[in-house]
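Hi everyone, thanks for coming. I'd like to take a few minutes to walk you through a fold, starting with its strands and ending with a pocket.

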Amino acid sequence: MSTVVDYKNVSTDGVASSPVANALAGLRANEARYFMNKYKHEFTVVPAAESRDTLEYVNRILKEERGIVFAAKPLETSRFQVENIDWAFVFYEDGLGVNVMYTVDDPKKRAVGFKLSEGMEVPAELGKFKFARQKSKLAGTIRGSFFVIKGEY
């Protein structure tokens, strides 16, 4: 069952088992606000147990592109298309948010982004990445990084 993420009244529903639940809920709400403001799209999430296709898609890209397999438990996912971009998100229990931005008609605009919730350590799987900091009213300080997708998915 999908749930629309409310970025005005941030809730930890769906991510309450995270040790950084409030920050992760804020990170998720930050994404929801971005998509509403930029695309007028309601950001919805689905429990990870109900979204195997999205998890397999994201996991395949991570493994084939960079050999990354996360140990953390996935809690929620989201997958949708706005304009010519296919988006996939996975929110993990440790506070990590992963997104795949896959532009349908432009192979040069495809990437995987990583966002770390405030209060979480950098996962060992991402130790080689450098992270930039971004302030968010909803999520505190978000640390983010990305890599460009080279293959076809």
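**A walk through the sheet and its helices**

Let me start with one pair of residues: Pro47 stands opposite Glu76, which belongs to E3. Before I go further, please keep in mind that this is a predicted model.

That pair sits where E2 meets E3, two strands that run antiparallel and are joined by two bridges. Moving on to the next pair, E3 and E4 are also antiparallel, with eight bridges joining them. At that junction Val82 stands opposite Ile85 in E4. E3 and E4 make a hairpin with two residues between them, and in the turn Glu83 has a positive phi of about 50 degrees.

From E4 we step across to E5. Strand E4 covers residues 85–92 and strand E5 covers residues 96–103, and the two pair in the antiparallel sense over seven bridges. Here Asp86 is found opposite Tyr102 in E5.

Now zoom out to the whole sheet. In what order do the eight strands come? The order is E1-E2-E3-E4-E5-E6-E8-E7, in an open sheet with antiparallel pairing. The edges are strand E1 (3–4) and strand E7 (132–136), each with a single partner strand, so one side of each is left without a neighbour in the sheet.

Next, the helices. H1 packs on the sheet and touches strand E2 (44–47), E3, E4, E5, E6, E7 and strand E8 (140–148). The direction of H1 makes about 165 degrees with that of E4. Helix H2 (residues 52–66) packs on the sheet as well, touching E3, E4, E5, E6 and E8. For H2, the angle with the direction of E4 is about 95 degrees.

**Charged pairs**

On to the charges. Side chains of opposite charge can pair when their charged atoms come close. How many salt bridges does a search of the whole structure find? The search finds five, and I'll talk about some of them.

Let's return to Glu76. Glu76 forms a salt bridge with Arg28, and the closest N and O atoms are 2.6 Å apart. Glu76 lies in strand E3 (residues 74–82) while Arg28 lies in helix H1 (residues 21–39), so this pair ties together parts that are 48 residues apart in sequence. Are these two partners buried or exposed? Glu76 is buried, with a relative accessible area of 6%, and Arg28 counts as buried too, at 5% relative accessibility.

Helix H1 takes part in another one. Glu31 and Lys115 meet through their side chains in a salt bridge, at 2.9 Å from N to O. Because Glu31 is in helix H1 and Lys115 is in strand E6 (residues 110–116), the pair ties together parts that are 84 residues apart in sequence. Both Glu31 and Lys115 are buried.

Then there is Arg79, which forms a salt bridge with Asp86, the closest N and O atoms being 3.1 Å apart. Arg79 is partly exposed, with a relative accessible area of 38%, whereas Asp86 is buried at 14%. You have met Asp86 already, as the residue opposite Tyr102.

**Two loop residues**

Let me stop briefly at two loops. His41 lies in the loop between H1 and E2, and at 18% relative accessibility His41 counts as buried; the cut-off for buried is under 20%. Leaving out residues up to four places away in sequence, His41 touches Phe35, Met36, Phe80 and Val82.

Met120 has its place in the loop between E6 and E7, and Met120 is buried, with a relative accessible area of 6%. With the same exclusion of residues up to four places away in sequence, Met120 touches Val20, Asp94, Gly95, Leu96 and Arg143. The C-alpha atoms of Met120 and Asn30 are separated by 17 Å, with their positions 90 residues apart along the chain.

**The pocket**

Finally, the pocket I promised. The largest pocket has a volume of about 390 Å³. Which of its 22 lining residues are closest to its centre? They are Glu31, Asn99, Gly113, Lys115 and Gln134. So the list includes Glu31 and Lys115, the partners in the 2.9 Å salt bridge. As for the elements, H1, E4, E5, E6, E7 and E8 each supply at least two residues of the lining.

That's my tour. Thanks for listening, and I'm happy to go back to any view.

Terms used. Residues are numbered from 1 along each chain as its sequence is written. This is a predicted model: local features need pLDDT of at least 70, side-chain atom pairs count only at pLDDT 80 or more; totals for chains, interfaces and linings use all residues. Side-chain values use heavy atoms; hydrogens and water are left out. A salt bridge is a side-chain nitrogen of Lys or Arg within 4 Å of a carboxyl oxygen of Asp or Glu. Helices (H or I, at least four residues) and strands (E, at least two) are DSSP runs, numbered from the N terminus. Buried means under 20% relative accessible area, exposed over 50%, partly exposed in between (1.4 Å probe, protein chains only). Two strands pair if DSSP finds at least two bridges between them. Contact means heavy atoms within 4.5 Å. Axes are lines fitted to C-alpha atoms, for helices over the stretch in contact, and angles run from 0 to 180 degrees between N-to-C directions. On a 1 Å grid over the protein atoms alone, a cavity is a set of points where a 1.4 Å probe fits but cannot get out, and a pocket is an open set with protein on both sides within 12 Å along at least five of seven lines; lining residues have an atom within 4 Å of a point. Grid points are joined across faces, edges and corners, and a volume is the space filled by probe spheres set on the points.
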